[in-house]
Amino acid sequence: MITGDRLKELLSYNPETGDFTWIAAPSIRKPQFVGTKAGASVGEGYWRIQIDGCSYLAHRLAWFYVYGQWPDHHLDHINCSRSDNRIANLRKATQAQNLWNMLPRPNKLKGAYRVVQKSGAIAWRSMITRNGERTDLGVFPTAEDANAAYAIEAQKLSGEFVRF
C-alpha cells in the first residue's frame, strides 16, 4: 500500500479537475511520464493509476491525497460520473448508499416493473429493496406513477443519496 509521502512525491493532485499529474518518474525506465496526466480509463468509466507495481482507483487516491487516510469503505461519485474525481464530487458511502445513487438504465424508470394483470391489461408495479428486503409499493396505471411512488419511498430511506 502506498504511503502519503510516496504518493505526493510522485503525483500532484488538482482538486478542481480531479486529475493527477506525474511530478516525478514512477520508475527509472519511465522518465517521459513527468508532466503528463497519470492513469488510464478502465472498465465502467473508472480511472486507474499504476504506482510501484500496484494499481489504484484514482478516486480512492484523491481521497487519500486530500485527507491523509484511506476511505473506510466505499466512495460515491455524487454526479454518477465515475471519471469525475474532483474531491467535491466524492463522499463516503456504504455499499447500499452507493447503489441508491446509481443512474437508472436507459429507457427505464427506477422502481417501475411492467406487469400483465389477470384481465390482460398492462399495469406497473413499484417495488423497493432495502437491506435485502423487498417492499411492494403497489400497482399503478403508468410507469411514471410507479416511479413516483418509488421516489417518495427512496427519499425516506436514503435521503441525499437517492437518484431516480
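Which residues of strand β2 (residues 19-22) lie on its covered face, and which on its uncovered one? Select β2: Phe 20 and Trp 22 make up the covered face, whereas Asp 19 and Thr 21 make up the uncovered one.

The model is a predicted one, in which local features need pLDDT of at least 70 and side-chain atom pairs count only at pLDDT 80 or more, while totals for chains, interfaces and linings use all residues. Residues are numbered from 1 along each chain as its sequence is written, and side-chain values use heavy atoms, with hydrogens and water left out.

**First stop: the β1-β2 hairpin**

Keep β2 selected and add strand β1 (residues 11-14), which is joined to β2 by four bridges in an antiparallel arrangement. Strands here are DSSP runs of E with at least two residues, helices are runs of H or I with at least four residues, and both are numbered from the N terminus. Two strands are said to pair if DSSP finds at least two bridges between them. Asn 14 has Asp 19 in β2 as its bridge partner. Four residues separate the two strands of this hairpin, and Gly 18 in the turn has a positive phi of about 80 degrees.

**Second stop: the open sheet and helix α2**

Next, select β3, β4 and β5. These three strands form an open sheet in the order β3-β4-β5, with antiparallel pairing. Its edge strands are β3 (40-41) and β5 (54-57), each of which pairs on one side only. Strands of a sheet pair through backbone hydrogen bonds. Two antiparallel bridges link β3 to strand β4 (residues 47-51); Ala 40, for instance, has Arg 48 in β4 as its bridge partner.

Now add helix α2 (residues 58-67), which lies across β4 and β5 and runs at about 80 degrees to β5. For such angles, axes are lines fitted to C-alpha atoms (for helices over the stretch in contact), and the angles run from 0 to 180 degrees between N-to-C directions.

**Third stop: the largest nonpolar core**

Select Leu 7, Leu 11, Phe 20, Ile 49, Ile 51 and Leu 61, the residues with the most contacts inside the largest nonpolar core, which has 20 residues. Elements giving two or more residues to this core are α1, β1, β2, β4 and α2. The largest share, six residues, comes from α2. A nonpolar core is a set of buried Ala, Val, Leu, Ile, Met, Phe, Trp, Tyr and Cys residues joined through side-chain atoms within 4.5 Å. Buried means under 20% relative accessible area, exposed over 50%, and partly exposed in between (1.4 Å probe, protein chains only).

Centre the view on Ile 51. Neighbours within four places in sequence aside, Ile 51 is in contact (heavy atoms within 4.5 Å) with Ile 2, Leu 7, Leu 10, Leu 11, Trp 22, Tyr 56 and Leu 61.

**Fourth stop: salt bridges**

The structure holds nine salt bridges, each defined as a side-chain nitrogen of Lys or Arg within 4 Å of a carboxyl oxygen of Asp or Glu.

Select Arg 91 and Asp 76, whose side chains meet at 2.8 Å, N to O. Arg 91 lies in strand β7 and Asp 76 in strand β6, so this salt bridge ties together parts that are 15 residues apart in sequence. Arg 91 is buried, at 13% relative accessible area, and Asp 76 is also buried, at 2%.

Salt bridges with shared partners join Arg 6, Glu 9 and Asp 52 into one network. Within this network, the closest N and O atoms of Glu 9 and Arg 6 are 2.6 Å apart. Both residues lie in helix α1 (residues 4-10), three residues apart, about one turn of the helix. Glu 9 is partly exposed at 45%, as is Arg 6 at 22%.

Move next to Arg 82 and Glu 44, which form a salt bridge at 3.3 Å, N to O. Arg 82 lies in the loop between β6 (74-77) and β7 (90-93) and Glu 44 in the loop between β3 and β4, so the pair ties together parts that are 38 residues apart in sequence. Arg 82 is partly exposed at 30%, whereas Glu 44 is exposed at 63%.

**Last stop: Ser 126**

Finally, select Ser 126 in strand β9 (residues 122-130). Ser 126 is buried, with a relative accessible area of 0%. A polar atom of its side chain lies 3.1 Å from the backbone oxygen of Gly 111 and one lies 2.9 Å from that of Ala 146. Beyond its neighbours within four places in sequence, the contacts of Ser 126 include Thr 135, Phe 140 and Tyr 150.

Notes:
Polar contact = N/O pair within 3.5 Å; in protein donor to acceptor, adjacent residues only side chain to side chain.
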